[in-house]
Structures are given as C-alpha cells and as structure tokens.
Amino acid sequence: MSQSIQYVLVTGATGFIGAHVVDELLRRGLRVRGATRTLAKGHAMAAARPEHASSLDFVEIDDFERPGRLDIAVEGVDAVIHVASPLTYNTKNNEKELIIPAINGVKGILEASTKSGRVQRVVLTSSFAAVLDATRKSPSYFTFTGKDWNPLTYEEAVAPTTPAHIAYRGAKKFSEKAAWDFVRDHQPGFDLVTICPSMTFGPVATPIDSASQLNETNAMIWKVAKGLPLARARVASWIDVRDLAFAHVEALLRPEAGGKRYIPCSPEPFSYDLAAQIMEEEFGWARGKVQREDQPVDTSYGVDGETTARELGLSYTSFRKTIVDFVSQMTRVEDP
Ligand SMILES: NC(=O)c1ccc[n+]([C@@H]2O[C@H](COP(=O)([O-])OP(=O)(O)OC[C@H]3O[C@@H](n4cnc5c(N)ncnc54)[C@H](OP(=O)(O)O)[C@@H]3O)[C@@H](O)[C@H]2O)c1
C-alpha cells in the first residue's frame with residue numbers, strides 16, 4: 001500500500017496535532033493537502049514552509065456542524081488522515097458544539113472518500129477518551145487496551161448537566177463508533193485505522209504569536225509555567241505530539257495496520273506537579289515561580305502503549321524532553 005500513497009488529505013491540518021502530522025508526511029516526501037475552515041491559517045502555515053511549496057496545498061471546508069466541500073477536499077488524494085474535531089471545554093451546548101460536529105465530520109469524510117473511489121486508507125484521530133472507563137475501579141490492576149470503550153450512553157453525553165470534558169468523551173466515542181459502523185455497513189474501497197491518544201503535549205508546529213492561541217492541552221502546561229495553581233490530571237497517560245504524528249503516518253503506510261485501533265501512550269505517567277518539577281530543574285526563572293503540590297499518580301491501572309510501539313515502530317519521547325522543548329519554544333513567544 002505504501003508505494004501507491006503519494007498524496008494525503010489531512011483535516012485539522014492547522015491544529016496542534018494536525019500540523020505535526022503534515023510535517024511528518026512532508027518529511028517522508030509525500031504530497032499533502034491540508035483542510036481548514038479558515039484558508040488564511042492554511043496559507044500562513046504554507047508560507048512558513050517555503051521548502052515544501054510544491055508539495056503542500058490547502059483547501060477550505062465548512063464547519064462540521066453542517067459539513068460541506070469535503071468532496072472537493074478529497075478529490076485526487078490517495079488517503080486521508082482525519083484529525084479535525086472540536087476540542088474545547090468552553091461550551092454552551094455540548095451536543096451542538098462537540099458531539100454533532102465530531103460525528104458529522106467523520107461521516108462526511110468517509111462518505112466523500114467512498115465517492116472518490118481513489119482513497120485507499122483513512123486514519124482517524126480518535127482519543128483515549130473513547131477508551132477510558134472512568135467508572136472502572138481497581139483493585140485489581142488492569143490495563144486499558146485497544147479493545148476497550150468508554151461506557152457512556154448518548155443520552156448521558158448530551159444531558160445539559162453533563163460537564164464538557166465528559167461530553168467530549170462521548171463525542172470521541174460516538175464519532176469513532178460511527179467510523180467503524182460505516183466501514184462495516186458500506187464496505188468501501190478503503191480500510192480504516194483509528195488512533196486513540198491520551199493527553200498530547202509538545203512544541204507547536206504552527207506559527208503562534210501568543211499563548212492565547214495554544215490548544216487546550218498545551219495551555220494547561222503553560223499555566224504551570226505562569227505560576228498558576230496546578231490542575232489535577234484526570235488521567236496520567238500522555239504522549240508527545242511528535243511521536244503521535246509519527247504513529248499516524250506509520251498507521252497510514254503500513255499495510256498490516258489496516259482495521260486496527262491503536263492507543264499510543266508513553267510508559268511514563270505524568271502529572272502537572274511533575275511538569276512543575278521539571279521546569280524548576282531546567283529553567284532558572286521557574287524556581288520560586290511555579291507552584292508545587294503533592295499529586296500522587298494513580299498506578300492502579302495501566303494503558304497499553306506497547307502494542308503501538310511494537311507494531312508501528314515507535315519509541316516514546318521522555319516527559320522531560322517534551323516539557324523542555326515546549327517551554328523553551330514558548331518562552332521565545334512570551335514571558336512565563
Ligand atoms: N490534544 C490532545 O491532547 C488530544 C488527545 C487525544 C485526541 N485528540 C484529538 O486530536 C484531534 C486534534 O486535536 P488538537 O489537540 O490538535 O486540537 P486543535 O489544535 O484544536 O485542532 C483541532 C482542529 O480541528 C478543526 N476543527 C475543530 N472544530 C471543528 C469543527 N466544528 N468543524 C470543522 N473543523 C473543526 C480545526 O481546524 P480549523 O480551525 O483549521 O478549521 C482545528 O485545527 C482532535 O480530533 C482531538 O479530539 C487530541
């Protein structure tokens with residue numbers, strides 16, 4: 001399969017994870033089309049990569065609340081990496097802002113890929129949020145694997161009293177399920193691989209002028225650098241964004257990955273206090289500025305990141321390197 005994939009559509013290409021996926025594809029010599037709702041963002045990203053001018057183009061698509069122009073986006077490409085989906089906890093109506101767009105986006109991209117007749121594989125960025133059963137209790141010790149699904153019902157996810165972070169878990173579960181159901185029911189000419197990453201951190205690959213442009217997960221790390229009170233991590237599992245981009249591209253190019261569900265995850269647990277400790281140890285300005293708090297890591301369960309590492313040839317970056325690379329980059333953008 002890898003021989004015949006030359007041109008790849010990446011949705012969410014200007015986002016935190018999508019931009020790294022674009023760069024990983026370009027690094028491998030593939031041609032990339034990025035999809036975005038705001039073409040100006042795409043043009044800024046392309047302008048920052050003049051060496052890839054002939055292999056990177058952008059197409060404007062509609063918001064997934066009412067997806068459109070996906071047929072145009074898919075036209076001529078050999079494969080799709082569908083990264084785009086709303087990731088925000090600042091919502092007024094979770095069903096309208098998180099769940100419906102996530103499902104519509106997946107269905108829209110799969111329908112367009114089916115019509116195109118040329119797409120050979122779709123890699124979908126799902127989330128560990130679609131895997132995690134937050135009600136599962138230890139003992140005894142257990143390990144989440146790619147076979148697990150969160151038990152949320154649609155009714156629970158859309159209930160007005162449900163907090164946005166739980167509704168997001170529903171959005172990722174129901175959109176990923178929609179993808180597997182689509183492939184089962186329509187038997188299209190492409191296969192599907194899903195990637196279910198945990199909290200994703202690391203340097204940004206899109207040009208930013210201020211921390212206000214950071215995605216949700218990196219914004220939390222930057223708050224630590226700013227000396228704000230530490231958040232409590234809901235899960236201790238995480239991955240570096242560069243490793244995640246590598247996993248997406250390997251999942252695209254390895255024929256044997258077809259039909260699989262991967263949950264890439266570093267073997268090292270994280271906490272916001274650990275991020276603070278690393279900042280204190282690595283950056284003079286952080287000493288006496290960042291807050292510290294006893295945040296024991298829940299070691300009563302694990303996440304199987306090993307299968308992804310073995311099957312996709314991935315070595316996980318250390319949390320220290322991830323934090324140092326991200327914070328060093330951000331201190332060039334604004335003062336902590
Ligand atoms: N960050 C994490 O820790 C994490 C962990 C697990 C899974 N994920 C998943 O990874 C993917 C990317 O997340 P990210 O962290 O890179 O977030 P991000 O920086 O916010 O990027 C998300 C992208 O999705 C597009 N998008 C968002 N809402 C949309 C909508 N309603 N209609 C159409 N496009 C929309 C946006 O593209 P434009 O604005 O350019 O149109 C944006 O660039 C998501 O599927 C997310 O669920 C993220």
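This briefing covers the surroundings of lysine 260, the aromatic ring pairs and two charges placed over rings. The model is a predicted one. Lysine 260 sits in a loop and reaches glutamate 311 through a side-chain polar contact. Elsewhere, ring pairs join Phe201, Trp238, Phe270, Tyr272 and Phe319 into a cluster.

**Lysine 260**

- The loop that holds lysine 260 runs between helix H8 (241–253) and strand E10 (261–262).
- Lysine 260 has a relative accessibility of 32% and therefore counts as partly exposed, as this class lies between the 20% and 50% limits.
- Beyond its neighbours within four places in sequence, lysine 260 is in contact with Trp180, Leu192, Val193, Thr194 and Glu311.
- With one of these residues, glutamate 311, the side chain of lysine 260 makes a polar contact to the side chain at 3.2 Å.
- Threonine 36 lies 224 residues from lysine 260 in sequence, and the C-alpha to C-alpha distance is 27 Å.

**Aromatic pairs**

- The model contains 14 aromatic pairs.
- In one pair, phenylalanine 201 and phenylalanine 319 have ring centres 6.2 Å apart and planes at 65 degrees, so the arrangement is edge-to-face.
- This pair links distant parts of the chain, with phenylalanine 201 in strand E8 (residues 199–201) and phenylalanine 319 in helix H11 (residues 319–331), 118 residues apart.
- Both phenylalanine 201 and phenylalanine 319 are buried.

**Charges over rings**

- Arginine 31 places its charged end over the ring of tyrosine 7, 3.8 Å from the ring centre.
- Lysine 177 lies over the face of tryptophan 149, 4.2 Å from the ring centre.

Conventions:
Residues numbered from 1 in each chain as written. Predicted model: local features only at pLDDT ≥ 70, side-chain atom pairs only at ≥ 80, totals over all residues. Heavy atoms only, no water. Helix = DSSP H or I, 4+ residues; strand = E, 2+ residues; numbered from the N terminus. Buried < 20%, exposed > 50% of the residue type's maximum accessible area, 1.4 Å probe, protein only. Contact = heavy atoms within 4.5 Å. Polar contact = N/O pair within 3.5 Å; in protein donor to acceptor, adjacent residues only side chain to side chain. Phe/Tyr/Trp six-rings, centres within 6.5 Å; stacked < 30°, edge-to-face > 60°. Lys NZ or Arg CZ within 6 Å of the ring centre and 35° of its normal.
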